[in-house]
Amino acid sequence: MMLMVLSIITAVYLGYTHAFEYIFSFADGFSYLGIFVVGFFFTSVFTVPPAIVALGQLSLIYPWPLVVILGALGAACGDYFLFRFVKDRIAADAAYFLRNSTRYRRIMHLATERKFRYLALAFAVVLIASPLPDETALTILGVSRSKVRDVILLTFLANAIGITLIAIAAGSIAG
């Protein structure tokens, strides 16, 4: 919790001082890569607040469709790594400890049903598109046994929506 508060304070400070504009003025030749990297950090609970500020400022410097596409590509890559971690590590560990539980078997049966998958996908899209961190949505997708290609496409589209909303808000604030 303390790290999240520190991350928000850092984001507010960076936004107030326009530090990202200064940093990206030095990295002019790497602007596309920089947008991609900032998008990559638009996924984790600790890096979302500074990434929101950076994406908002980048959308004022560069064409916002470019920021949306490259940022969403970076975010989809970040989400892919988080998804693989959740699916391969956390879900497997939880299954090992809970495999003999009848409640666990009922939950896993429900999680793999078709109706739950659609509900999980819809809920995950909303979570990923929001400024909230993506870990919860990726856990839901991992439990519902979503396919990797579906997760990548879903996270790209949802992050593109979220980054578009950030760009619109940044443009409104900048006036």
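Is valine 143 buried, exposed or partly exposed? Select valine 143 and you'll find that it counts as partly exposed, because its relative accessibility is 29%. The labels work like this: buried means under 20% relative accessible area, exposed means over 50%, and partly exposed is in between, using a 1.4 Å probe and protein chains only.

**Before you go on**

You're looking at a predicted model, so local features need pLDDT of at least 70 and side-chain atom pairs count only at pLDDT 80 or more, while totals for chains, interfaces and linings use all residues. Residues are numbered from 1 along each chain as its sequence is written, and side-chain values use heavy atoms, with hydrogens and water left out.

**The whole chain**

Show the protein chain as a cartoon: there are 9 helices and 0 strands. Helices (H or I, at least four residues) and strands (E, at least two) are DSSP runs, numbered from the N terminus. Of the chain's 175 residues, 38% count as buried. Switch on a surface and you have about 10500 Å² exposed, with carbon and sulfur atoms supplying 73% of that area. Accessible areas here come from the Shrake-Rupley method with a 1.4 Å probe, and for residues only the protein chains shown count as cover.

Now think about contacts, meaning heavy atoms within 4.5 Å. Among the chain's contacts between residues at least 6 apart in sequence, 77% join residues at least 24 apart.

**Back to valine 143**

Valine 143 sits in helix H8. Add lysine 87 to your selection: the two are 56 residues apart in sequence, yet their C-alpha atoms are 7.4 Å apart in space.

**Helix H3 and the loop after it**

Next, pick glycine 39, in helix H3. Glycine 39 counts as buried because its relative accessibility is 0%. Leaving out residues up to four places away in sequence, glycine 39 touches Gly71, Gly74 and Ala75. Cysteine 77 is 38 residues from glycine 39 along the chain, with 8.8 Å between their C-alpha atoms.

Stay in H3, which covers residues 31–40, and click valine 37. Valine 37 is partly exposed, at a relative accessible area of 36%. Color Leu33, Val37 and Phe41 together and you'll see a nonpolar surface patch of about 260 Å². Patches are made of residues with over 30% relative accessible area and no salt bridge; like charges are joined within 9 Å, and nonpolar side chains (Val, Leu, Ile, Met, Phe, Trp, Tyr) within 5 Å.

Move on to phenylalanine 42, in the loop between H3 and helix H4 (48–61). Which label does phenylalanine 42 get, buried or exposed? It's buried, because its relative accessibility is 3%. Beyond its neighbours up to four places away in sequence, phenylalanine 42 touches several residues, including Val48, Leu55, Asp134 and Ile166.

**A buried charge**

Follow that contact to aspartate 134, in the loop between helix H7 (114–129) and H8. Aspartate 134 is buried but has no salt bridge, and the nearest side chain of opposite charge, arginine 84, is 16 Å away. Lys and Arg count as positive and Asp and Glu as negative, while His and the chain ends are not counted. Not counting neighbours within four places in sequence, the contacts of aspartate 134 include Thr43, Asp79 and Asn159.

**Helix H9**

Click threonine 155, in helix H9. Threonine 155 counts as buried because its relative accessibility is 0%. Apart from neighbours within four places in sequence, its contacts are Ala76, Asp79, Ile128 and Leu138.

Then try valine 126, over in helix H7. Valine 126 counts as exposed because its relative accessibility is 57%. Asparagine 159 is 33 residues from valine 126 in sequence and 9.7 Å from it in space, C-alpha to C-alpha.

**Charges to finish**

Side chains of opposite charge can pair when their charged atoms come close. How many salt bridges does the count come to? The count is 1, with a salt bridge defined as a side-chain nitrogen of Lys or Arg within 4 Å of a carboxyl oxygen of Asp or Glu. Select arginine 149 and aspartate 150 to see their side chains meet in a salt bridge, at 3.6 Å from N to O. Arginine 149 is exposed at 59% relative accessibility, and aspartate 150 is partly exposed at 32%.

Last stop: select Arg114, Arg117, Arg145 and Lys147, which gather in a surface patch of positive charge. For these charges, the place is taken as NZ of Lys, CZ of Arg, CG of Asp or CD of Glu. Lysine 147 is in the loop between helix H8 (135–143) and helix H9 (148–174).
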